[in-house]
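Notebook open, coffee poured. I want to go through the empty spaces in this one and then look at the ligand.

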Amino acid sequence: MDTTNFIRMMPKIELHAHLNGSLCTKSIEELCEELYGVNSNEKVLLSKELVFDGGNLDQCFLKFRFMHELTATKKGLQLATELAIRDFAKDNVIYLELRTTPKKNSEMSKEEYVKNVLEAIERTMKIESIHVSLLLSIDRSKSVAEAEETVNIALQLKNTYKDIISGIDFSGNPKLGNFMHFIPVLEKARKNDLKLALHCAEIHNPAEIDQMIKFGMERCGHGTFLSELQLNEIYRRNIAIECCLTSNVKCSTVKCYDDHHFKHIFNDKKAPVILCTDDCGVFDTTLSNEFVLAKNTFNLTKNDLLQLSLNAVEFAFVHEHFKHDLKQRIRHYFKIQTEPESKN
Ligand SMILES: CNc1ncnc2c1ncn2[C@@H]1O[C@H](COP(=O)(O)O)[C@@H](O)[C@H]1O
Ligand SMILES: [Zn+2]
């Protein structure tokens, strides 16, 4: 089997995927057809609206508007959730941590938004061979009161959906909002056993990066602009770094794949690294594609691919016994695929 196929068939773990950024073009077309009919204007507009060919972060954030319109109804949101999960399952992702920002509109409260996503997750897990957890995202460009509402919803629904709701993501345009203002809310989440995945160092902002590392997190999203000192501290605190190669290059926070910080952090063992997609629809990628890119750009061996997969399991927001199962499945795949064929 060639390496691309080996990676495609490999059981994979995705820990950094924003729901509204994770639908591939085909799934969005399917969603539009369901919502508006076959020849709708929406479908025609789609090709222009959807994929982000490259530019800066501000331009990238405009791309989410279109999907946000499609997921503003119960039907649209539930179907989008199902389609996103189905796409990951097709790529042989066996464990997915999906994250999404609860939104209020004329049809849904924020709590109803989350319940719709949860219902769709439960339903899809019965059909596809994939386990899904959910992180609720705090949008840093919005108010602290909104963030608090999000954490309260997570805490309230965690009792009913304890195997699905696992943590809080801190995301949104990194140029907006002040991290320090969100500390009390994030502290509340942590005290109540919600795990934290913070977008940290996606842009150059050394003071904020220091504040975030000092506050602490389980996983750091991107980690692009970490200094050596900050990397040492990340390592000391056993924080994993979620590297999203295509996302960073297309948003121009990293010049080219060769220059990606993955190389330094992974090769020099500066911190545990996880490969993720971020927004596979917007960036027109898949987790398999990210692994192939990493393998080709940084000359990774099969052992490196195994290490990256096991890192992801280690830092997943799940119980130890489930981690054990996931690791067994991954190790088994590597064993049977790399063993020499028997002679008889
Ligand atoms: C490219 N790098 C990024 N950096 C920071 N936040 C990002 C992001 N990509 C996505 N999001 C966050 O996720 C939302 C879309 O999914 P949901 O509506 O929550 O499902 C975006 O609006 C933004 O807040
Ligand atoms: Zn992200």
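Before I sort any lining by class, I need my classes straight: Ala, Val, Leu, Ile, Met, Phe, Trp, Tyr, Cys and Pro go down as nonpolar, Asp, Glu, Lys and Arg as charged, and the others, Gly among them, as polar. Also a reminder to myself that this is a predicted model.

**Entry 1: the cavity**

I searched the whole structure for cavities of 30 Å³ or more and got one. I noted its volume as about 60 Å³. Then I listed what lines this largest cavity: Arg140, Pro174, His199, Cys200, Ala201, Glu202, Ile203, Asn205, Glu208 and Ile209. With my classes applied, the lining splits into five nonpolar, two polar and three charged residues. Which elements supply at least two residues each to this lining? I found β5 (195–200) and α10 (206–215).

**Entry 2: the largest pocket**

Next I looked up the largest pocket, which holds about 710 Å³ of space. I counted 39 residues in its lining, and the closest to the centre are Phe61, His68, Thr101, Asp139 and Gly172. I sorted the lining of the largest pocket too: 11 residues are nonpolar, 16 polar and 12 charged.

Several elements give at least two residues each to this lining: α4 (57–62), α5 (64–70), β2 (93–100), β3 (131–139) and α8 (144–158). Which of them gives the most? I have α8 down for that, with four residues.

**Entry 3: the ligand**

Where does ligand 1 sit? I placed ligand 1 in the largest pocket. Around ligand 1 I counted 18 residues, and the closest are His68, Thr100, Thr101, Lys103 and Asp279. Two of these names, His68 and Thr101, I had already written down among the residues closest to the centre of the largest pocket.

By class, the shell around ligand 1 has four nonpolar, nine polar and five charged residues.

I then went through some polar contacts of ligand 1. The side chain of Thr101 has an N or O atom 2.5 Å from an oxygen atom of ligand 1. For His18, an N or O atom of the side chain is 3.0 Å from an oxygen atom of the ligand. With Glu202, the ligand's partner is a nitrogen atom, 2.8 Å from a polar side-chain atom. I had met Glu202 before, in the lining of the largest cavity.

How much of ligand 1 does the protein bury? On its own, ligand 1 exposes 510 Å², and I get 97% of that buried by the protein. The elements giving two or more residues to the shell around ligand 1 are α5 and β2, and I had both on my list for the lining of the largest pocket.

**Entry 4: the second largest pocket**

Last lookup: the second largest pocket, with about 610 Å³ of space. I counted 22 lining residues, and those nearest the centre are Ser166, Lys195, Phe317, Val318 and His319. Two or more residues of this lining come from each of β3, β4 (165–171) and α16 (320–338). I marked α16 as the source of the largest share, four residues. My class count for this lining is seven nonpolar, six polar and nine charged.

Definitions and conventions
Residues are numbered from 1 along each chain as its sequence is written. Chains are lettered from A and ligands numbered from 1 in the order in which they are written. This is a predicted model: local features need pLDDT of at least 70, side-chain atom pairs count only at pLDDT 80 or more; totals for chains, interfaces and linings use all residues. Side-chain values use heavy atoms; hydrogens and water are left out. On a 1 Å grid over the protein atoms alone, a cavity is a set of points where a 1.4 Å probe fits but cannot get out, and a pocket is an open set with protein on both sides within 12 Å along at least five of seven lines; lining residues have an atom within 4 Å of a point. Grid points are joined across faces, edges and corners, and a volume is the space filled by probe spheres set on the points. A residue is near a molecule or strand if one of its heavy atoms lies within 4 Å of it. A polar contact is a pair of N or O atoms within 3.5 Å; within protein, one must be able to donate a hydrogen and the other to accept it, and residues adjacent in sequence count only if both atoms are side-chain atoms. Accessible areas come from the Shrake-Rupley method with a 1.4 Å probe; for residues, only the protein chains shown count as cover. A molecule sits in a cavity or pocket if more than half of its atoms lie within 2 Å of its grid points.
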